[in-house]
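This report invites the reader to study a protein model by way of its sheets, its helices and the surroundings of its ligand. Please keep the sequence and the structure in view while reading.

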Amino acid sequence: MEYQEIYRLTKEWAYEAGEILREAVSQEITVEYKTSAADLVTEKDKEIEAFFANKINETFPHHFLLGEEGVASNQADYDPHNEIVWLVDPIDGTTNFVHNKRNFCISVGVFDRGQPIVGVVYDPMADQLFHTLKGNGVFIDDEFIKPSTMAPTSEQALISMNHLWLAPNEYLHEQPLQKMATDIRGFRCLGSAALELANVAVGRLDGAIFIGLGPWDFGAAYVLLKEQGIHITTVDGEQIDVFHPSSVLTAKKELHHSIRSNYIRTKK
Ligand code: IPD
Ligand code: CA
Ligand code: CA
Ligand code: CA
């Protein structure tokens, strides 16, 4: 069955790519600016994305890859909703990779005609692999992570956010996070959206609220979160189009509803 094979190989390739990154943290790395000094790319981002592009092309020549660094941009025009598409972030948390040499990951999500199939997030420094094949449950390494039945309230909630909330943004006039910050137990801002979203899927965080993400940032974790039955929508509460940039709000149903109704009042 092709899905099983995709799952097996995604995990195998994530481990291989992780080994390259573990070695890279003790080497000298060339860092370039993309759009600004806050938007970094290294030769390792490109190398790992090319690694996945080659593996996918060799093994599944009829599949498509959508990656942050665009190494596969020579692919012909295609409709992602009619194909098998791999959403690949070769390093999610490049700033952490450059500065802290930890708290970054490789994120790979596979979708078949828009349906989530495989989600793999590998944290190479912690050597932890978050993974799922649709219908088979979520695992960290070999440990099955049972979906938790707890329904945290706002005051019990630990929620991840990204720093873009502090920059001018379309939600700012409502100052949603200021009120939320006084109500909830705590905010966390790790700098790797994929890892933070994976942590929501395994119950280490209660929710996450991000703006300005790309498909490669949330693709793999989207599969993990859906598998756990955890709500994942745009900040406006709409369905996410996984092939386009999006805001992301994820939490269990009750907390998701409470965040939407108490703190985010935007278009509706
Ligand atoms: C970034 C990280 C960061 C998030 C940014 C992303 P990158 O990804 O996930 O946490 O706030 O929006 O672009 O560039 O390190 O792959
Ligand atoms: Ca980047
Ligand atoms: Ca990313
Ligand atoms: Ca990246």
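The following paragraphs describe a predicted model, taking its two open sheets in turn and then the shell around ligand 1.

**The sheet of 7 strands**

One open sheet has 7 strands, placed in the order β3-β4-β5-β6-β7-β8-β9, and its pairing is mixed. Its edges are formed by β3 (64-67) and β9 (143-145), each of which pairs on one side only. From one strand to the next, the twist averages 20°. Within this sheet, β5 (residues 105-112) and β6 (residues 115-123) are antiparallel and are joined by 7 bridges. Ser-107 has Val-121, in β6, as its bridge partner.

Helices accompany this sheet. Helix α2 (residues 43-59) packs on the sheet and touches β3, β4 and β5. Helix α1 (residues 2-24) lies across β4, β5, β6 and β7 (128-133).

**The sheet of 5 strands**

Another open sheet, also with mixed pairing, contains 5 strands in the order β11-β10-β12-β14-β13. Here the edge strands are β11 (186-188) and β13 (231-233), and each pairs on one side only. The twist of this sheet averages 15° from one strand to the next. Edge strand β13 runs antiparallel to β14 (residues 246-251), to which 3 bridges join it. Across this pair, Ile-232 stands opposite Thr-250 in β14. Helix α6 (residues 215-227) packs on the sheet, where it touches β12 (207-213), β13 and β14.

The table lists the direction of each helix relative to one strand.

| Helix | Strand | Angle between directions |
|---|---|---|
| α1 (residues 2-24) | β6 | about 25° |
| α2 (residues 43-59) | β4 | about 155° |
| α6 (residues 215-227) | β13 | about 150° |

**The shell around ligand 1**

Which residues come nearest to ligand 1? Of the 14 residues around the ligand, these are Asp-92, Thr-94, Asn-162, Gly-191 and Ala-193. Two or more residues of the shell are given by each of β4 (84-92), α3 (94-99) and β12. The largest share, 3 residues, comes from β4, a strand that also belongs to the sheet of 7 strands. Strand β12, in turn, is part of the sheet of 5 strands.

By residue class, the shell comprises 7 polar, 4 charged and 3 nonpolar residues. Domain 1 (2-145) and domain 2 (154-262) each supply at least three residues to the shell around ligand 1.

Conventions
Residues are numbered from 1 along each chain as its sequence is written. Chains are lettered from A and ligands numbered from 1 in the order in which they are written. This is a predicted model: local features need pLDDT of at least 70, side-chain atom pairs count only at pLDDT 80 or more; totals for chains, interfaces and linings use all residues. Two strands pair if DSSP finds at least two bridges between them. Helices (H or I, at least four residues) and strands (E, at least two) are DSSP runs, numbered from the N terminus. Axes are lines fitted to C-alpha atoms, for helices over the stretch in contact, and angles run from 0 to 180 degrees between N-to-C directions. Two residues are in contact if their C-beta atoms, placed from the backbone, lie within 7 Å. A residue is near a molecule or strand if its C-beta atom, placed from the backbone, lies within 6 Å of it. Ala, Val, Leu, Ile, Met, Phe, Trp, Tyr, Cys and Pro count as nonpolar, Asp, Glu, Lys and Arg as charged, and the others, Gly among them, as polar. Domain bounds come from an automatic or database domain assignment.
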